[in-house]
Amino acid sequence: MQLTPKLTNVETSIFTVMSALANEHNAINLSQGFPNFKSDQKLIDAVSKAMNSGYNQYAPMAGSLDLRQAIAKKFELLYNTSYHPETEITVTAGATQAIFTIISTFVKPNDEVIIFKPAYDCYEPAIMLNGGKPIAIALEAPDYKMDWTQVEQSINSKTKLIIVNTPHNPSGTVMSKADMLKLQELTNGTDIIILSDEVYEHLIFDGEQHQSVCLFSELKKRSFITASFGKTFHNTGWKVGYCCAPTALMEAFRNVHQFNVFSVHHPTQKGLADYLAEPKHYLDLPDFYQAKRDTFLNLIKDSRFKFTPSKGTYFQVLDFSEITSETDVDFAKRLTIEKGLASIPLSVFNDHQRDDNVLRFCFAKTDDTLKKAADILNRI
């Protein structure tokens, strides 16, 4: 039998590679983006209560209405804007499913999609599976600023979608108000759709305000926002997220969503709806994760690594250019095998075409884990 798969030449994910190395060599795993501490027991109890109360059959296709109402209230509180819970919010099986479904809904063969690299690794395969053409624009170290002149030059009649991500994984940078205004200016009067990956919206530091696309009226009209409860509430394995968009965009999204996933784990939705009733559960997160970041950076301040403090996410990029001339992939592997500490080389987010001699470390860990990791980094 001759097979002709749509997606070929796909390497094993670097997350799989580095986690396998970490397990094999009993290394501290700061590579994959997940916490090594528990979710709030109140949330776990709320989900258990929902299971025991009988919420174990299919949820509505768009998501449990009480959860969608809670999400709508969150947007009103944080951004003074509204999404209708019945027509403009859909609960998804994590943000990655939302991103894949948005791309599948709108991207047709030969459509162009602008992405910014280094980029989270799910964007490009989804574009290619749907026959689209990724148009990559480089975010250059150490600032990872957007080149809006290049964006303007890349926009044409084939441009269907622009994907932005703020706070940005893997660099830990954030888009500014000026960035959003420029994106709004460049897309006004076009049919371009914006996919705004905002899964780290609550993990933003140093008094910065998250510049969501929903804060900009003309951008909001053409934009999807994707978000993740897993990233927000320390339970990435639950795979529950959501997306928001104006009614016409969401209607098209649901046409695909209903045949892709249909509905998401019901008791978790009920538990999350109850948990979101207390805004402090997400309002306290910036201080919580900034303390983690500051602890980690203070512990390694006298090391040979260079860094600019992360502005958002739970990732910190460290520059090793004064330590070794190895590629970032080789150094990351050696650091895992010989020193017992796993990280992620940023070149993998650039198709290995650009190596800035930096590694990404996840600081969503217990203080004890961060201290052990810092002890290793300080000895290099």
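Here are some notes on the sheets, the largest pocket and a few backbone oddities in this predicted model.

1. Start with the 7-stranded sheet. The sheet is open, its pairing is mixed, and the strand order reads β2-β8-β7-β6-β5-β3-β4. At the edges you'll find β2 (89-92) and β4; each has a single partner strand, so one side of each is left without a neighbour in the sheet. Going from one strand to the next, the twist averages 20°.

2. Within that sheet, have a look at β5 and β6. β5 pairs with β6 (residues 193-197) in the parallel sense, over 5 bridges. If you want a residue pair to click on, Asn165 has Asp197 in β6 as its bridge partner.

3. Next, the helix on this sheet. α4 lies across β2, β5, β6, β7 (223-228) and β8. Its direction runs at about 155° to β7.

4. Asp111 deserves a stop. You'll find Asp111 in the loop between α4 (94-106) and β3. Is this aspartate buried or exposed? Asp111 has a relative accessible area of 13%, and because the cut-off for buried is under 20%, Asp111 counts as buried. Leaving aside neighbours within four places in sequence, Asp111 is in contact with three lysines, Lys133, Lys158 and Lys160, as well as with Phe106 and Gly132.

5. There is another open sheet, this one with 3 strands in the order β9-β12-β11 and antiparallel pairing. β9 (315-319) and β11 (344-345) are the edge strands, each pairing on one side only. β11 is joined to β12 (residues 358-362) by 2 bridges, and these two strands run antiparallel. Pro345 stands opposite Leu359 in β12. Helix α14 (residues 328-339) packs on this sheet, where it touches β11 and β12, and its direction makes about 45° with that of β12.

6. Now the largest pocket, which holds about 700 Å³ of space. Its lining takes in 25 residues, and those nearest the centre are Val10, Glu11, Asp121, Val348 and Asp351. Which elements give two or more residues to the lining? They are α1 (14-24), β3 (112-117), α5 (123-129) and α14. Of these, α5 gives the most, with 4 residues. If you're thinking about the chemistry of the lining, the split is 14 nonpolar, 5 polar and 6 charged residues.

7. Check the cis peptide bonds before you set anything up. One joins Ala141 and Pro142, with omega about 5°; Pro142 is in the loop between β4 (133-138) and α6 (148-154). Another runs from Asn169 to Pro170, and here omega is near 25°. Pro170 belongs to the loop between β5 (159-165) and α7 (177-187).

8. Finally, the positive phi values. Lys239 is not a glycine, yet its phi is positive at about 50°. This lysine is in the loop between α9 (229-232) and β8 (241-244), and Lys239 is partly exposed, with a relative accessible area of 41%. Phe262 is not a glycine either, and has a positive phi of about 65°. Phe262 lies in the loop between α10 (247-260) and α11 (266-275) and is partly exposed, its relative accessible area being 35%.

Technical notes: Residues numbered from 1 in each chain as written. Predicted model: local features only at pLDDT ≥ 70, side-chain atom pairs only at ≥ 80, totals over all residues. Heavy atoms only, no water. Pairing = 2+ DSSP bridges. Contact = heavy atoms within 4.5 Å. Axes fitted to C-alpha atoms, helices over the stretch in contact; angles between N-to-C directions. 1 Å grid on protein atoms, 1.4 Å probe; cavity = no way out; pocket = protein on both sides within 12 Å on 5 of 7 lines; lining within 4 Å. Points joined across faces, edges and corners; volume = space filled by probe spheres on them. Nonpolar A, V, L, I, M, F, W, Y, C, P; charged D, E, K, R; others polar. Buried < 20%, exposed > 50% of the residue type's maximum accessible area, 1.4 Å probe, protein only.
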